[in-house]
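Q: I am new to this structure and should like to learn how its features are read. May we take them one at a time, with the general idea before the case?

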Amino acid sequence: MANNIQAIRGMHDVLPDQTPLWQATEQTLREVLGSYGYSEIRLPIVEKTELFKRSIGEVTDIVEKEMYTFEDRNGDSLTLRPEGTAGCLRACLEHGLLHNQTHRLWYYGPMYRHERPQKGRYRQFIQLGVEAYGMAGPDIDAELILIMDRLWKRLGIRNKVSLQLNSLGTIDERLVYRSRLVEYFEQHLEQLDEDSLRRLKTNPLRILDTKNPAMRDVVVNAPELMAYLGTESLEHFKAITTVLDNLGIDYTINTRLVRGLDYYSKTVFEWVTTELGSQGTVCAGGRYDTLIEQLGGKVGHGIGFAMGMERLLALLETVTDSVTVSSVDAYMVRTGQIAEQESLRFAETLRNEIPALKLQVNCGGGSFKSQFKKADKSGATYAIILGDDEVSRGEVGIKFLRDEQAQLNLSQQAAIEFLQEKLS
Ligand code: ATP
Ligand code: MG
């Protein structure tokens, strides 16, 4: 016998008992973003490989070893998007949305990275991305942080996450710092691991982002980028922390926060939790003004963040026992030839009259007993009973599946009114 075909490693299914939490969370995200005037943009999952090489940077983990790249039938090199910022910017440039305009956008959907699958790290994962264009900041930088802060509060996990903040300065400031940093690491070569020795040549700032505990000391004692920032970068950063101080939003300045992608400048931030083991970054982002030119646009401004939905959901599961959103309110039990026809008609009437009612009609026949079993399993609160007897009396039985109340026998109209009242 042939083996069952299984899902691809690192790509997982969200089963029906998990979708209520996803849907409730997605609803909250939409509401919070809407309350700040952000609009949704929907983007392709596949883009030209060149887009990611040019934007994310050739010597990043993503481009070096994580992309799902393949050749299209006509020979073009295409890539499943590993992140959303590049595609979003590509779309806005392509449609002329960045000419002297500001935009506040969000997108939601799967991203693909060929990483080693583990808890909180997958090969297909969902991100909520938020991007703001055309604003030099620092007010918009602060706005993004306020959005995230509100989101955590709405989701009831504000005390589970903390904000880390840094400034990467301008390209010129970073260049000076970079050569200082290289000098420093060259004096401590024996403490660097293989990855870091390689990065020393290609992207030394990324060494600061190492997850190797053995390198903690050498990284902690490295020179700090903040000391190399000019007045403008420092003032920009100060303006953000002033807003956060005034509004009572806690943060930690982490001068070693550099982020894994090349395109950031000035503000960078991460929201981290200690509840999820080593995959503790739930949300991360920063300013990427130069990326716009890099992708062929005029001098511009962009800032954004991306939130890993699987990590967010895992965090939510630590505070929510189970989401008691039942997918069914009522289950219709029906037997007898006449009742089978009449019950379908009545079910449609119920759906006309009570659009919010989630009604499942028994299909495939079965005795009353087996139908009640299915009704119970459906999670419904009520069983709506139509047998030939009920139909001949013009009545409907309503049985309470979750408490001891006696069954009601009502006219069809009274049953509609009863359910209307219960669901309002
Ligand atoms: P990490 O340091 O954990 O690898 P990253 O810096 O690569 O994260 P970003 O590219 O900034 O992550 O993506 C933003 C968010 O998307 C992360 O903070 C995380 O929540 C989520 N994310 C990134 N990669 C994965 C993955 N492979 N599986 C699940 N979630 C992910
Ligand atoms: Mg990563």
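Q: Is Phe70 buried, partly exposed or exposed?
A: The general idea is to look at the relative accessible area: under 20% is buried, over 50% is exposed, and values in between are partly exposed. In this predicted model, Phe70 has a relative accessible area of 36%, so Phe70 is partly exposed. Phe70 is placed in strand 3, which covers residues 68-71.

Q: Which residues form a nonpolar patch on the surface with Phe70?
A: A nonpolar patch is read by joining nonpolar side chains that lie within 5 Å and have over 30% relative accessible area. Here the partners of Phe70 in the patch are Ile45 and Val46, and the three together have about 200 Å² of accessible area.

Q: How is burial read for the chain, and what share of the 424 residues is buried?
A: Buried residues make up 49% of the chain. The accessible surface of the chain comes to about 21500 Å², and carbon and sulfur atoms hold 49% of that surface.

Q: What do the radius of gyration and the spans of the chain say about its form?
A: The radius of gyration is set beside the value for a compact globule of the same number of residues. For 424 residues that value would be near 22 Å, whereas the chain has 28 Å. The C-alpha trace spans about 90 × 60 × 45 Å along its principal axes. The chain has 15 helices and 16 strands. Of the contacts with a separation of 6 or more, 70% are between residues 24 or more positions apart.

Q: How many disulfides does the structure hold, and why does Cys92 not form one?
A: The step to take is to look at the distance between cysteine sulfur atoms, since a disulfide needs them within 2.5 Å. The structure holds 0 disulfides. The cysteine sulfur closest to that of Cys92 is in Cys88, at 4.7 Å, which is too far for a bond. Cys92 has 0% relative accessibility and counts as buried, whereas Cys363, at 56%, counts as exposed.

Q: How many salt bridges are there, and where does the one between Arg154 and Glu31 lie?
A: Side chains of opposite charge can pair when their charged atoms come close. The count here comes to 25 salt bridges. In one of them, the side chains of Arg154 and Glu31 meet at 2.7 Å, N to O. Arg154 belongs to helix 5 (residues 139-155) and Glu31 to helix 1 (residues 19-35), so this pair ties together parts 123 residues apart in sequence. Arg154 is partly exposed at 45% relative accessible area, and Glu31 is partly exposed at 37%.

Q: Are Asp61 and Arg199, which also meet in a salt bridge, buried or exposed?
A: The side chains of Asp61 and Arg199 meet at 2.9 Å, N to O. This pair links distant parts of the chain, with Asp61 in helix 3 (residues 61-66) and Arg199 in helix 7 (residues 194-202), 138 residues apart. Both Asp61 and Arg199 are buried.

Q: How far apart in the chain are Glu348 and Arg351?
A: Glu348 and Arg351 are 3 residues apart, about one turn of the helix, and both lie in helix 12 (residues 337-353). Their salt bridge has its closest N and O atoms 2.8 Å apart. Glu348 counts as partly exposed at 42% relative accessibility, and Arg351 is partly exposed at 30%.

Q: Which residues are joined into one network by salt bridges that share partners?
A: The network joins Asp61, Lys65, Arg199, Arg206 and Asp209.

Methods:
Residues numbered from 1 in each chain as written. Chains lettered and ligands numbered in written order. Predicted model: local features only at pLDDT ≥ 70, side-chain atom pairs only at ≥ 80, totals over all residues. Heavy atoms only, no water. Patch = residues over 30% accessible without salt bridge, like charges linked within 9 Å, V, L, I, M, F, W, Y side chains within 5 Å. Areas by Shrake-Rupley, 256 points an atom, 1.4 Å probe, with all protein chains shown as cover. Salt bridge = Lys/Arg side-chain N within 4 Å of Asp/Glu carboxyl O. Helix = DSSP H or I, 4+ residues; strand = E, 2+ residues; numbered from the N terminus. Buried < 20%, exposed > 50% of the residue type's maximum accessible area, 1.4 Å probe, protein only. Rg over C-alpha atoms; globule rule 2.2 N^0.38 Å. Contact = heavy atoms within 4.5 Å.
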